[in-house]
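Student: I should like to discuss the structure below, from its overall form to its local detail. Please reason through each reply.

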Amino acid sequence: MNISAEELVALAGTIKNTPGAYKCEYCKKDFKREGTMLAHSCEKKRRWQQKDDKETLAGFSAFDLFYRISMGSKGKEYKDFVDSQYYTAFIKYGNWCYNSHVIDIEAYTRWLINKEAKLRDWPSERFYLLFVKDFVKRESVERALERFVEHAVNTGYFEQFWERASGYLIADWVEGGKISPWIIICSERAQAALVNMPSECFDRIANCIDADYWGNKRTMNPKDAYFVEEMIDGTRF
Ligand SMILES: [Zn+2]
């Protein structure tokens with residue numbers, strides 16, 4: 001079989017242009033057509049495309065914080081995250097934080113790292129309740145009230161929150177940290193709501209408030225206690 005010089009050049013040209021003409025920059029796979037390459041989906045590409053999602057950002061921040069605090073390493077880049085074997089676990093954590101309305105994701109992450117909790121246990125209700133119990137003791141009374149107001153205005157019945165919210169909602173909010181024990185121990189409206197709610201809700205609230213600690217805190221900080229009363233119950237004559 002005789003091939004002319006011209007034919008050889010043409011053949012070489014087509015070979016050069018077909019396989020591997022387009023390479024996916026994420027998985028390095030070769031594609032004949034640009035369209036197919038652009039349309040294909042691979043794990044790495046997906047990880048990069050989700051880079052700016054808030055859940056991904058939460059997972060990445062936790063990954064970065066974990067390496068900085070427990071490994072003493074310098075800040076991580078997103079590329080390190082995409083290539084990490086822990087990517088999926090941290091993403092799961094970021095999603096969980098948003099779905100569970102974690103009140104302060106960075107504070108919760110730092111708490112988990114300090115407790116040396118295993119990564120697979122980070123998205124856990126049990127740990128989160130312990131964290132909240134601890135966190136509410138350390139924040140200022142102003143921040144505690146501010147957070148309650150931020151959430152309560154979204155209910156659409158802020159003015160009558162304590163009269164209208166169900167015992168289940170109040171119990172959820174106390175457990176999740178949206179309602180600080182400051183309010184429960186200082187507000188008469190909150191206490192009236194406790195008396196009227198189903199006992200299972202009352203029990204849940206009682207279980208997540210360290211009564212001795214908070215009773216003592218109220219006695220030692222009368223100004224803070226008065227501030228809560230004034231803000232939640234209003235001034236009475
Ligand atoms: Zn790819």
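Student: What percentage of the 237 residues of the protein count as buried?

Tutor: This is a predicted model, in which local features need pLDDT of at least 70, side-chain atom pairs count only at pLDDT 80 or more, and totals for chains, interfaces and linings use all residues. Residues are numbered from 1 along each chain as its sequence is written. A residue is buried if 20 or more other C-beta atoms, placed from the backbone, lie within 10 Å of its own, exposed if 12 or fewer, and partly exposed in between. Of the 237 residues, the share that counts as buried is 22%.

Student: Why is the protein described as more spread out than a compact globule?

Tutor: Its secondary structure comes to 16 helices and two strands (DSSP runs numbered from the N terminus: helices are H or I of at least four residues, strands E of at least two). The globule rule (2.2 Å times the number of residues to the power 0.38) gives 18 Å for 237 residues. The protein is more spread out because its radius of gyration, taken over C-alpha atoms, is well over that value, at 28 Å.

Student: Is Lys-92 buried, partly exposed or exposed?

Tutor: Lys-92 lies in helix H6 (residues 87–99). Because 16 other C-beta atoms lie within 10 Å, Lys-92 is partly exposed.

Student: What distance separates the C-alpha atoms of Lys-92 and Pro-123?

Tutor: Along the chain, Lys-92 and Pro-123 are 31 residues apart. Their C-alpha atoms are separated by 7.5 Å.
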